[in-house]
Protein chains: 2
Amino acid sequence: LVNHLALIGCGLIGSSIARAAKQFKAANKISVFDRDVNVRERARALKFADHVAETAAEAVDGADLVILCVPASAYADVLKSIAPVLKQGAIVSDTGSVKSSAAAILKKYLPPQVSIVPAHPVAGTEFSGPDAGFAELFHQRWCILTPDEAVPQAATEEVGAFWRALGANVDVMNAEHHDQVLAITSHIPHLIAYNIVGTADHLEQVTQREVIKYSAGGFRDFTRIASSDPVMWRDIFLNNKQAVLEMLSRFLDDLACLQKAIEHDDGEALHKHFAHTRAIRKEIIAAGQETKAPDFGRNPKPLQ
Amino acid sequence: LVNHLALIGCGLIGSSIARAAKQFKAANKISVFDRDVNVRERARALKFADHVAETAAEAVDGADLVILCVPASAYADVLKSIAPVLKQGAIVSDTGSVKSSAAAILKKYLPPQVSIVPAHPVAGTEFSGPDAGFAELFHQRWCILTPDEAVPQAATEEVGAFWRALGANVDVMNAEHHDQVLAITSHIPHLIAYNIVGTADHLEQVTQREVIKYSAGGFRDFTRIASSDPVMWRDIFLNNKQAVLEMLSRFLDDLACLQKAIEHDDGEALHKHFAHTRAIRKEIIAAGQETKAPDFGRNPKPLQ
C-alpha cells in the first residue's frame with residue numbers, strides 16, 4: 001500500500017491509475033496534476049483523486065510515489081518543477097513507452113535522494129483523456145520495470161507491488177532490451193497502421209467513402225491503433241529511433257520477399273508464410289492477452 | 001425469395017449463407033456440397049442445409065441460384081463438374097475477394113444459358129470451417145456485385161435481393177474497380193499483417209515468448225487478420241497481383257516518408273501525419289462498419 005500517490009498527467013493512463021488505485025485500495029491518498037486546466041476541471045468532476053493540484057510541485061508535495069503519465073516531450077518541464085520539492089526517499093516512476101530515453105532524462109533532473117524506477121504498463125485503448133480511463137485497464141496486462149543497478153531493490157519491489165495491486169503482472173528487464181521488444185510489439189505496428197490509413201487517404205483511384213464502406217475487409221482493424229494520441233506517438237518514434245529503424249528495416253526486408261513471391265506467382269511461398277502465422281495468435285489468446293471472440297467480439301452472436 | 005439455393009463450399013462463408021438463408025427465410029430449399037468429406041459430415045450434423053450432396057453436380061441439380069463459396073483455385077474444378085447439369089436460366093454467383101479473375105473463369109466454363117453475377121460479401125472473421133459460420137455474419141456489411149453489361153438486369157436484382165434478405169447492403173460496380181478498392185481496404189492490410197507476424201517470429205534479439213507477453217501494445221491486433229485462411233489468401237494475392245502490387249508500392253512510398261521523418265527527427269511531420277488519421281475511424285464507426293467500444297470491446301467495463 002502506497003501512503004501518498006502523486007500522478008502527473010490525467011489522460012487515459014493517469015486517470016486509469018487513479019481509478020484503479022482507489023478501487024483496489026493501492027494508495028491511501030491520491031494527488032494529481034495536469035497542465036491542461038480543462039483536464040483538471042474534468043478530474044475534479046470525475047472525482048478519481050483526493051486532490052487535484054494547481055501545480056506539479058503542489059501535487060508531489062509529501063508524496064511517497066510519484067508517477068509521470070505524460071508524453072515524453074513533457075518530462076523535462078515536469079521534472080524541473082518537482083525536483084526541488086520531492087520528499088527525501090520518494091520513488092519517482094513513469095509510464096512511458098520508451099525506457100532508455102526516459103531513464104536518461106529522469107536521472108538528469110532528479111536529485112540523488114530519490115529512487116528512480118521507470119515503468120511501462122503495456123496497456124491502453126485508442127481513446128485519450130481523463131474520461132477514457134477505467135480501473136480495469138491494467139488487469140492481466142504486463143507492466144515492465146527498468147530500474148538500473150543503482151536503484152535500491154526495495155524501491156523496485158514497492159513499485160512492482162503497486163502495479164500488482166492494480167491487477168497487472170510485473171516484469172523487470174533492462175531499458176535497452178525493453179525498447180527493442182516494444183519496437184516490434186507496439187511501435188512498428190503503430191507505424192504501419194498510421195501509414196496505411198494515410199495511404200488510403202491519398203489514393204486518387206479509390207475514394208475515402210469507398211475505404212470507409214468496405215473497411216470491414218481488414219482495414220478498419222488498423223484504424224483503431226492509428227487513432228491513438230498523436231503527441232504520445234510522435235514522442236515514441238523520436239525517442240526510440242534506433243530500435244524502430246532497425247525493426248522497420250527487418251519488416252521491409254520480409255515484405256520485399258512477399259512482394260517478390262506475388263510478382264513471381266510463387267503460391268507455395270505465400271501459402272507457407274500464411275500457414276505459419278496462426279500459431280502465434282493461439283498463444284497470445286492462451287496467454288490471456290487477447291480474446292478469441294470471433295471478429296474481436298464485434299458480432300452479436302458468439303462462436304459456438 | 002430463392003426457390004432452390006445451392007452452395008458449393010461449406011466453410012465460414014458458405015455455412016454462414018446457409019444459416020442466414022434459413023433463418024431469414026431467403027430460400028425455400030438449400031443444397032450444399034463440400035469436397036472435404038469431414039466438412040460434409042459436419043454440415044449434416046449442424047443441419048444448416050436441407051440436403052448435403054455427395055457431388056457438386058448433385059447439389060446444383062434443379063437449383064435456381066448457385067453460389068461458389070470456395071477459394072479461387074478451386075473454381076475450375078467446381079465449374080467443370082456443374083456446367084453440364086445447370087438448369088436453363090439458373091444464376092451462378094460466387095463470394096470471392098477478387099472479381100476480374102472470377103468473372104473470367106466463370107465465363108470460361110459456364111454455358112450461355114446461365115446468368116453470371118459475381119459477388120463479394122465484405123464480411124468475415126478470423127475463423128474458418130463449417131463450425132465458424134453464423135447467420136448474422138452479413139448484417140450491415142456490404143455485398144458488392146460485379147456483373148458485366150451482358151447480364152440481364154433481373155438476374156442482378158435477384159442476387160441483390162437475396163443478399164439484402166441476409167441483412168447485407170448491396171452495391172454494384174465493375175470488377176476492375178472492385179479489385180482496386182479491395183486491394184487497399186483488405187488485401188494490403190492482410191499482407192502487412194501476415195508480414196509483421198512473420199517478422200516478429202524471426203527476430204533473434206526478441207523471443208517469441210516476449211512477443212506474446214507484450215502483444216497488447218498493438219501487435220495482437222494484427223494477429224487476428226493474419227490468422228485467416230492461408231489457401232484463400234494465397235489465391236487472393238495470386239489473382240489480384242496487379243492491384244496489390246500497385247497499392248503496395250504506394251504504401252511503401254508513404255512508409256519511406258515516415259522512415260525519413262524518424263531518421264531526421266522531424267517531429268512536426270510525424271505529428272501532422274498521426275493527427276490526421278483519427279477522422280477516418282470516426283467515419284467508419286458512423287457508417288456502422290466498426291464498434292467504438294474501447295479496445296474493440298475486449299475490456300470488461302465499457303467507456304462511459
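This report looks at how chain A and chain B fit together in a predicted model.

## Ground rules

Local features need pLDDT of at least 70 and side-chain atom pairs count only at pLDDT 80 or more, while totals for chains, interfaces and linings use all residues. Residues are numbered from 1 along each chain as its sequence is written, chains are lettered from A in the order in which they are written, and side-chain values use heavy atoms, leaving out hydrogens and water.

## Symmetry

Turn chain B by 180°, with 0.0 Å of shift along the axis, and it lands on chain A with an RMSD of 0.0 Å (a least-squares fit on C-alpha atoms of residues with pLDDT of at least 70 in both copies). The two copies are thus related as by a two-fold rotation axis. Both use the same surface: 100% of chain B's contact residues recur in chain A (contact means heavy atoms within 4.5 Å).

In chain B, the residue whose C-alpha comes closest to the axis is Phe296(B), at 3.1 Å.

## The interface

Each side puts in plenty of residues: 111 from chain B and 111 from chain A. Ile196(B), for one, is in contact with residues including Ile184(A), Ile188(A) and Phe251(A), as well as Phe219(B) and Phe222(B), leaving aside neighbours within four places in sequence.

There are 12 salt bridges between the chains (a Lys or Arg side-chain nitrogen within 4 Å of an Asp or Glu carboxyl oxygen). One salt bridge joins the side chains of Asp295(A) and Arg224(B), at 3.0 Å from N to O. Helix 7 of chain B gives the most to its side of the interface, with 21 residues (helices are DSSP runs of H or I, at least four residues, numbered from the N terminus).

Definitions and conventions: Helix = DSSP H or I, 4+ residues; strand = E, 2+ residues; numbered from the N terminus.
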